[in-house]
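Open your viewer, and let's take a walk through this chain together. At each stop you will hear what to select and what to look for.

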Amino acid sequence: MSTVIIDDNGVTLIASSNGLLTITIDRTQNFFNPLLISSLSTAIQKVEEAEHPKALIITGVGKFFSNGLDLSYMQEHGSEGTAIMIESCWRLLARILVMDCRTVAAINGHGFGAGLFLALACDYRIMRTRRGYLNFPEVNLGMQLAKGFAELAKCKITNSALLRESILTGKRYSSGDAVAVGMIDEECAIEDLSDRAIAWAVAGFPENLNAEYFNPDNFKKIKIELYVDAYRALTLGKINTLPESRL
């Protein structure tokens with residue numbers, strides 16, 4: 001049995017009776033702008049408040065997982081509006097990064113820029129075959145890889161050669177490319193994406209980990225310890241934080 005917890009501006013949160021929670025983004029290209037960030041933040045708060053055992057899946061609908069930051073919004077609202085939007089995006093990603101349960105990105109299509117960072121914030125990534133690329137577009141767009149995004153990339157892409165190639169060349173990775181280099185954990189046909197994401201998610205339930213004394217608070221603390229530089233940058237960073245700074 002499943003219950004719709006939130007249905008807000010193209011963002012839905014559905015809770016299953018076994019503790020599985022699924023956030024689905026259905027806003028065409030799923031650009032990150034204040035409206036999407038607000039709706040996702042509301043959904044994440046509900047996930048944070050949910051009882052254990054639980055696990056979270058984040059997915060999209062159609063061609064895009066997310067096409068990244070809303071460049072039209074950024075152009076319209078200038079540097080001040082852009083800074084507010086990106087910093088609120090970072091705060092959201094920080095909460096997902098250290099969620100007190102397993103998180104899985106079910107990548108249904110293209111994941112560019114902030115869309116890729118959303119996937120990287122999750123513990124595991126499953127991607128459909130045949131359609132969609134993962135890409136850091138900053139070099140192509142002439143943009144800086146701002147502090148929060150940079151630290152998140154470094155903490156989740158630990159292969160330095162892959163980090164160099166993906167960011168400094170702007171290469172687009174198909175699902176096959178991404179699984180081969182370790183950017184994602186599995187690729188599968190679109191018709192199997194939901195089932196495979198569920199399998200990865202429920203495998204993280206404490207009973208399936210044989211974690212008799214599982215403690216959600218300490219599980220979150222472990223993630224903070226693992227990803228401390230990214231967590232600090234995402235929670236404390238400002239858009240104008242200098243690249244050479246340590247937070």
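A word you will need throughout is "buried": a residue is buried when its relative accessible area is under 20%, exposed when that area is over 50%, and partly exposed in between, using a 1.4 Å probe and protein chains only. What you are looking at is a predicted model, in which local features need pLDDT of at least 70, side-chain atom pairs count only at pLDDT 80 or more, and totals for chains, interfaces and linings use all residues. Residues are numbered from 1 along each chain as its sequence is written, and side-chain values use heavy atoms, with hydrogens and water left out.

**The whole chain**

Begin with the cartoon view. The chain has ten helices and ten strands; these are DSSP runs numbered from the N terminus, with at least four residues for a helix (H or I) and at least two for a strand (E). The C-alpha trace spans about 45 × 40 × 35 Å along its principal axes. Its radius of gyration is 17 Å, which agrees with the value near 18 Å for a compact globule of 247 residues. That radius is taken over C-alpha atoms, and the globule rule is 2.2 Å times the number of residues to the power 0.38.

Switch on the surface next. The chain exposes about 11,700 Å², and carbon and sulfur atoms supply 50% of that area; accessible areas come from the Shrake-Rupley method with a 1.4 Å probe, and for residues only the protein chains shown count as cover. Of the 247 residues, 50% count as buried.

**The nonpolar cores**

Hide the surface and select Ile 23, Phe 32, Ile 58, Leu 93 and Leu 134. These have the most contacts inside the largest nonpolar core, which has 61 residues. A nonpolar core here is a set of buried Ala, Val, Leu, Ile, Met, Phe, Trp, Tyr and Cys residues joined through side-chain atoms within 4.5 Å. Now colour helix H2 (residues 71-97), which gives the most to this core, with eleven residues.

Zoom in on Ile 23. Leaving aside neighbours within four places in sequence, Ile 23 is in contact (heavy atoms within 4.5 Å) with residues including Val 11, Leu 40, Ile 44, Val 47 and Ile 58. For a second, separate core of eleven residues, select Leu 20, Ala 106, Leu 193 and Ala 201, which are among its members.

**Aromatic rings**

How many aromatic pairs does a search of the whole structure find? There are five. Rings of Phe, Tyr and Trp (its six-membered ring) pair if their centres lie within 6.5 Å; planes under 30 degrees apart count as stacked, over 60 as edge-to-face and the rest as tilted.

Select Phe 117 and Phe 136. Their ring centres are 5.3 Å apart and the planes are at 50°, so this pair is tilted. Phe 117 is in helix H3 (residues 114-121) and Phe 136 in the loop between strand E9 (134-135) and helix H4 (138-141), 19 residues apart. Both Phe 117 and Phe 136 are buried.

Move on to Tyr 124 and Trp 200, another tilted pair, with 5.2 Å centre to centre and 45° between the planes. Tyr 124 lies in strand E8 (residues 124-128) and Trp 200 in helix H8 (residues 190-202), so the pair ties together parts that are 76 residues apart in sequence. Tyr 124 is partly exposed, with a relative accessible area of 25%.

Add Trp 90 and Phe 149 to your selection: ring pairs link Trp 90, Phe 117, Phe 136 and Phe 149 into a cluster. Then show Lys 156, which lies over the face of Tyr 227, at 4.9 Å from the ring centre. A charge sits over a ring if NZ of Lys or CZ of Arg is within 6 Å of the ring centre and within 35 degrees of the ring normal.

**Backbone details**

Select His 52 and Pro 53, which are joined by a cis peptide bond with omega of about 0°. Pro 53 lies in the loop between helix H1 (34-49) and strand E4 (55-60).

Finish with Thr 28, in the loop between strand E3 (20-25) and H1. Its phi is near 65°, a positive value in a residue other than glycine. Asn 30 lies in the loop between E3 and H1 and has a positive phi of about 55°. Is each of these buried or exposed? Thr 28 is exposed, with a relative accessible area of 63%, whereas Asn 30 counts as buried at 1%.
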